[in-house]
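Student: I would like to go through this protein step by step, with the sequence and the structure in front of us. Could you show them to me?

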Amino acid sequence: MKLLSSHSVAIQQGDEAMFSDFENGGDMWTGSGTRERRKPIRFEQPFRSAPVVMVSISLWDVDTGAAVRAEVKAEHVTPEGFDLVFRTWADTRVARLRLGWTAIGEVHNEDDWDVT
């Protein structure tokens, strides 16, 4: 986590291998139609509220014999974590996939007051 100069904003990042279906004949490589993979991500330190999460493809190994179709996103974002999601459909064949993510949000500061 990197704190930005005296502000209570932090950045957390990760890079997650989602699957390698070419090796084991999994449905992303051999299947067709709507398919989805999810991976729950837990932040090292919780944010004060749900952060903004950006998702990107960092490894993309696909069969070029069909159209390449994909959706990558963060779902169910909370201060503690989120679901990293990959979806494809029709005849797209994906051998391997890795997704990168970056979360940016407000964090608790030692100078915060808890007045309850």
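Tutor: Before we begin, a definition will help: two strands are said to pair if DSSP finds at least two bridges between them. Please also keep in mind that the model before us is predicted.

Student: How many bridges join E4 to E7, and how do these strands run?

Tutor: Strand E4 covers residues 52-62, and strand E7 covers residues 94-106. One place to look is Leu59, whose bridge partner in E7 is Arg98. The two strands run antiparallel, and the number of bridges that join E4 to E7 is ten.

Student: Which residue in E7 stands opposite Ala10?

Tutor: Strand E2, residues 9-20, runs antiparallel to strand E7, and eleven bridges join them. If you look across from Ala10 into E7, the residue standing opposite is Gly105.

Student: What pattern does the protein follow when it is read along the sequence?

Tutor: The secondary structure comes to two helices and seven strands. Writing α for a helix and β for a strand, and reading along the sequence, we obtain the pattern β-β-α-α-β-β-β-β-β.

Student: Is Gln12 buried or exposed?

Tutor: Gln12 is found in strand E2, and its side chain has a polar atom 2.9 Å from the backbone nitrogen of Glu44. A polar atom of the Gln12 side chain also lies 2.8 Å from the backbone oxygen of Gln45. To decide on the class, we need the cut-off, which calls a residue buried under 20% relative accessible area. Because the relative accessible area of Gln12 is 4%, the class of this residue is buried.

Student: Which residues does Pro46 touch, if we do not count residues up to four places away in sequence?

Tutor: Pro46 is found in the loop between strand E3, residues 35-42, and E4, and at 39% relative accessibility it counts as partly exposed. The C-alpha atom of Pro46 is separated by 9.7 Å from that of Gly105, although their positions lie 59 residues apart along the chain. Leaving out residues up to four places away in sequence, the residues that Pro46 touches are Pro79 and Val107.

Student: Which residues make the nonpolar surface patch of about 260 Å²?

Tutor: We can start from Val52, which is placed in strand E4. A residue needs over 30% relative accessible area to belong to a patch, and Val52 is exposed, with a value of 54%. The patch of about 260 Å² is made by Val52, Met54 and Ile104.

Student: What is the phi of His76, and where does this residue lie?

Tutor: His76 lies in the loop between strand E5, residues 71-75, and strand E6, residues 81-88. At 56% relative accessibility, His76 counts as exposed. The phi of His76 is positive in a residue other than glycine, and its value is near 55°.

Student: What is the phi of Ala90?

Tutor: Ala90 lies in the loop between E6 and E7, and with 32% relative accessibility it counts as partly exposed. Although Ala90 is not a glycine, its phi is positive, at about 60°.

Student: What share of the contacts between residues at least 6 apart in sequence join residues at least 24 apart?

Tutor: Here we turn to the whole protein, in which buried residues make up 32% of the 116 residues. The protein exposes about 7100 Å², of which carbon and sulfur atoms supply 49%. Among contacts between residues at least 6 apart in sequence, the share that joins residues at least 24 apart is 72%.

Conventions
Residues numbered from 1 in each chain as written. Predicted model: local features only at pLDDT ≥ 70, side-chain atom pairs only at ≥ 80, totals over all residues. Heavy atoms only, no water. Patch = residues over 30% accessible without salt bridge, like charges linked within 9 Å, V, L, I, M, F, W, Y side chains within 5 Å. Areas by Shrake-Rupley, 256 points an atom, 1.4 Å probe, with all protein chains shown as cover. Salt bridge = Lys/Arg side-chain N within 4 Å of Asp/Glu carboxyl O. Helix = DSSP H or I, 4+ residues; strand = E, 2+ residues; numbered from the N terminus. Buried < 20%, exposed > 50% of the residue type's maximum accessible area, 1.4 Å probe, protein only. Contact = heavy atoms within 4.5 Å. Polar contact = N/O pair within 3.5 Å; in protein donor to acceptor, adjacent residues only side chain to side chain.
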